[in-house]
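Here is a short tour of one protein chain. Keep the sequence and the structure side by side as you read.

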Amino acid sequence: MLALDDLALVFLASIATVTLAMLAVLYRPLVLECVDPVFLRSVSRAGGPTHLMFVGLVVLNLVGGFQALGTLLAVGLMMLPAAASRFWSADVTAMIVIATFIGIASALCGLLLSYHAELPSAPAIIRRPAAPISFRWRSAGRAACSGSLARASISKPDRSSHRGAPCPYIATF
């Protein structure tokens with residue numbers, strides 16, 4: 001049996017609805033704010049408000065997560081799917097899709113395990129997002145631990161023609 005009553009479930013569903021609506025509106029400026037905030041500031045004034053709205057969404061989701069899971073587990077459930085998706089892709093859109101899938105699968109598997117094995121729901125849920133990270137570490141060895149798997153497809157510039165400069169762009173200036 002879940003420790004959440006109907007009012008708590010309505011509260012969590014409303015937080016999820018507001019979050020999805022705001023992320024749909026903020027997607028482009030939020031990605032640009034994360035990737036290149038200086039460029040966003042040079043072309044638009046949306047950087048500051050986007051950052052503040054995102055922080056507000058994080059706080060809103062943490063409040064809902066605190067009510068449902070507890071402090072540490074709410075933060076873990078927000079961070080682990082994102083960290084796991086980083087090992088599987090270097091593309092931001094793919095990371096969002098992978099993290100969403102991992103989060104949903106973690107919640108469903110954890111709740112089913114909690115219900116059928118009569119375990120506490122929060123630890124059962126939070127253990128699931130760690131599985132993809134553990135699988136990737138075991139299957140790829142040291143490369144996964146250093147985070148280089150997602151960046152392996154990105155070609156690195158040839159530094160041999162820049163006379164020993166630490167960065168190929170420094171030698172051109």
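## Overall fold

Read from start to end, the chain runs α-α-α-α-α-α-α-α. That makes eight helices and zero strands. Keep in mind that this is a predicted model.

The chain has 173 residues, and buried ones make up 24% of them. Now take the contacts between residues at least 6 apart in sequence. Of these, 51% join residues at least 24 apart.

## The largest pocket

How big is the largest pocket? Its volume is about 2,100 Å³. A total of 46 residues line this pocket, and those closest to its centre are T19, L23, N61, L77 and M78.

Which helices build the lining? At least two residues each come from α1 (6-35), α3 (47-68), α4 (71-88), α5 (92-117) and α6 (121-127). The largest share belongs to α1, with 13 residues. Look at the chemistry next. The lining holds 37 nonpolar residues, eight polar ones and one charged one.

## Helix α3

Helix α3 has 22 residues. From its first C-alpha to its last, α3 reaches 31 Å. That is close to the 32 Å expected at 1.5 Å a residue.

Which residues of α3 are buried? They are G47, T50, L57, L62, G64 and G65. Look down the axis of α3: these buried residues fall within an arc of 165°, so they line one face of the helix. A general rule helps here. An α-helix has 3.6 residues a turn, so residues three or four places apart point the same way. What do the buried residues of α3 pack against? Their partners are α1, α2 (37-43) and α4.

## Two partly exposed residues of α3

F54 is found in helix α3. Its relative accessible area is 32%, so F54 counts as partly exposed. Set aside the neighbours within four places in sequence, and F54 is in contact with L26 and L30. F54 can also be paired with L23. These two are 31 residues apart in sequence, but their C-alpha atoms are 8.3 Å apart in space. L23 has appeared before, among the residues closest to the centre of the largest pocket.

A68 also lies in α3. It is partly exposed, with a relative accessible area of 27%. How far is A68 from A122 in sequence and in space? The two are 54 residues apart in sequence and 8.1 Å apart in space, C-alpha to C-alpha. After α3 comes G70, whose phi is positive, near 110°.

## Helix α4

Helix α4 has 18 residues. It reaches 27 Å from its first C-alpha to its last, close to the 26 Å expected at 1.5 Å a residue. The buried residues in α4 are A74, G76, P81, A84, S85 and F87.

A83 lies in α4 too. Is A83 buried or partly exposed? With a relative accessible area of 35%, A83 is partly exposed. Follow A83 across to P132. They are 49 residues apart in sequence, and 9.6 Å separate their C-alpha atoms in space.

## A turn at E118

Where does E118 sit? Find E118 in the loop between α5 and α6. Its phi is positive, about 55°, although E118 is not a glycine. Is E118 buried or exposed? Its relative accessibility is 72%, so E118 counts as exposed.

## Recap

Start again from the fold: eight helices and zero strands. Then return to the largest pocket, where α1 gives the largest share of the lining. Finish with α3, whose buried residues line one face of the helix and pack against α1, α2 and α4.

Technical notes
Residues numbered from 1 in each chain as written. Predicted model: local features only at pLDDT ≥ 70, side-chain atom pairs only at ≥ 80, totals over all residues. Heavy atoms only, no water. 1 Å grid on protein atoms, 1.4 Å probe; cavity = no way out; pocket = protein on both sides within 12 Å on 5 of 7 lines; lining within 4 Å. Points joined across faces, edges and corners; volume = space filled by probe spheres on them. Helix = DSSP H or I, 4+ residues; strand = E, 2+ residues; numbered from the N terminus. Nonpolar A, V, L, I, M, F, W, Y, C, P; charged D, E, K, R; others polar. Expected span 1.5 Å × (residues − 1). Buried < 20%, exposed > 50% of the residue type's maximum accessible area, 1.4 Å probe, protein only. Arc of directions from axis to C-beta. Contact = heavy atoms within 4.5 Å.
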